Amino acid sequence: MFQELYKYRELIKTSVKKEIRGKYKASFLGVLWSFINPLLQVLVYAIVFPYMLRNTGDNYIIYLVTGIIPWTYFSTVVNECVTSVKANAGIIKKVYFPREILPLSSAISGIINFFISCFIILVFCFIWNAGFSWHLVLVPLYAVIEGMLALGIGMALGAMAAYVQDLEYIVNFILTMAFYGTPIVYQFDMFSGSSILSKLIALNPMTGIMQGYRDAFLYHVLPDWTTTFILLGVSALVLVIGWTIFRKLEKGFAEQF
């Protein structure tokens, strides 16, 4: 499998470039929307949630940015992986290539856009005097963990979406629910440790990933390595499961279109 992907590495490069350049090709502001979209979300939540929550803590703006931008990365990769098979139905029916390239290209372009968007976080840290530290070197680690998780989920759902046409709409709903099930606009310690809700949020892999980003960008401390290695293992397992499902279902892709 890896030998085949390496053989088609030029196709992967071309596909990634197409994803990055083509996403905002027809828009006036182009790639600037990669910055504007998360900034608008931060603005809305920064205005609304301090009035809804009793205690938002210090540096709430940085807390928001370090949650919304990583979440945008996650949800974008999942959504684009889900639609990648259907969007390339014409090519799938005519030309042979490893079908895994389709979701893989979405994941690679997603992580590139994420690293570009991290510039926004650094600007906010500078303006709000959150400071910088060497802990930023851990950001790529969490980006890879998050990318593996998103790619695994996206591959499984993308393969299923070729057979179940309405699945992409269900995924959008689930991602919206997952957004509020992740400490992005609120702090996890708002909930009682014994409540069912807090336990569900604690089991959410994105909760630990968000904490990892905030440890690097905002708190300037080392992460809990036990949690980090568990997250890495969970993401790797999800990726293997997603890849396995994709490989089993890809044989019937051409017949579905």
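Contact here means heavy atoms within 4.5 Å. With that in hand, let's explore this predicted model through a few exercises.

**Exercise 1. Find which residues Y213 touches, leaving out those up to four places away in sequence.**

Step 1: Apply the contact cut-off of 4.5 Å between heavy atoms.
Step 2: Read off the partners of Y213: T66, P70, Y73, F114, V139, Y142, A143, E146 and L218.
Step 3: Place Y213 in its setting. The largest nonpolar core has 69 residues, and Y213 is among those with the most contacts inside it, along with W71, F74, F114 and V185. Helix α4 (60-87) is one of the helices that supply at least two residues of this core, and α4 gives the most, with 16 residues.

**Exercise 2. Decide how the rings of F114 and Y213 are arranged.**

Step 1: The ring centres are 5.5 Å apart, and pairing needs centres within 6.5 Å, so the rings pair.
Step 2: The planes meet at 55 degrees; under 30 would be stacked and over 60 edge-to-face, so this pair is tilted.
Step 3: Look at the chain. F114 lies in helix α6 and Y213 in helix α10, 99 residues apart. Both F114 and Y213 are buried.
Step 4: Widen the view. Y73, F114, F115, Y142 and Y213 form one aromatic cluster.

**Exercise 3. Check whether the span of α6 agrees or disagrees with its number of residues.**

Step 1: Helix α6 has 27 residues, so at 1.5 Å a residue the expected span is 39 Å.
Step 2: The end C-alpha atoms of α6 are 40 Å apart, which agrees.
Step 3: Look just past the helix: N129 takes a positive phi of about 55 degrees.

How values were computed
Residues are numbered from 1 along each chain as its sequence is written. This is a predicted model: local features need pLDDT of at least 70, side-chain atom pairs count only at pLDDT 80 or more; totals for chains, interfaces and linings use all residues. Side-chain values use heavy atoms; hydrogens and water are left out. A nonpolar core is a set of buried Ala, Val, Leu, Ile, Met, Phe, Trp, Tyr and Cys residues joined through side-chain atoms within 4.5 Å. Buried means under 20% relative accessible area, exposed over 50%, partly exposed in between (1.4 Å probe, protein chains only). Helices (H or I, at least four residues) and strands (E, at least two) are DSSP runs, numbered from the N terminus. The expected span of a helix is 1.5 Å times one less than its number of residues. Rings of Phe, Tyr and Trp (its six-membered ring) pair if their centres lie within 6.5 Å; planes under 30 degrees apart count as stacked, over 60 as edge-to-face and the rest as tilted.
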